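Student: Could you take one part of this model and look at it closely for me? I'd like to see how its surroundings fit together.

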Amino acid sequence: MRLFIKVGSVTNAQRGQRILSKHGFRANIKRVENPSKADGCGYALEVSSNDSAPVSLLEKNGIKVRGAERR
């Protein structure tokens, strides 16, 4: 199952990708289609995971998560 984690900026997406990679998760940076103002610049990380561990890991490392959904 894929987890789509909105992080808002490309900088946070890049930082998040490095953090997740260090912990064994493979994350791809994606653009959010038609982002709302709450989505910031409209960047997200797409991660293969069956739980919310990647979200917790990002938040623990100072990345502001603007939303997460299963796809």
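**Helix 1 and its neighbours**

Tutor: Helix 1 and helix 2 cross in a right-handed sense, that is, with the near helix turned clockwise from the far one by less than a right angle (anticlockwise would be left-handed). This is a predicted model, in which local features need pLDDT of at least 70 and side-chain atom pairs 80 or more, while totals for chains, interfaces and linings use all residues. Residues are numbered from 1 along each chain as its sequence is written, and side-chain values use heavy atoms, leaving out hydrogens and water.

Helices (H or I, at least four residues) and strands (E, at least two) are DSSP runs numbered from the N terminus. The axes of the two helices come within 10 Å and cross at roughly 115 degrees; they are lines fitted to C-alpha atoms over the stretch in contact, with angles from 0 to 180 degrees between N-to-C directions. Here Gly 16, Ile 19 and Leu 20 of helix 1 meet Pro 54, Leu 57 and Leu 58 of helix 2, contact being heavy atoms within 4.5 Å. By class, five of the residues are nonpolar, one is polar and none is charged, with Gly counted as polar and Leu, Ile and Pro as nonpolar.

Now for helix 1 itself: its buried residues (under 20% relative accessible area, 1.4 Å probe, protein chains only) are Asn 12, Ala 13, Gly 16, Ile 19 and Leu 20. They lie on the same side of helix 1, because their arc around the axis, taken from directions to the C-beta atoms, is only 130 degrees. Their cover includes strand 2 (27–31), strand 3 (43–48) and helix 2 (53–60). The face turned away from that buried side carries Arg 18 and Lys 22, both exposed (over 50%).
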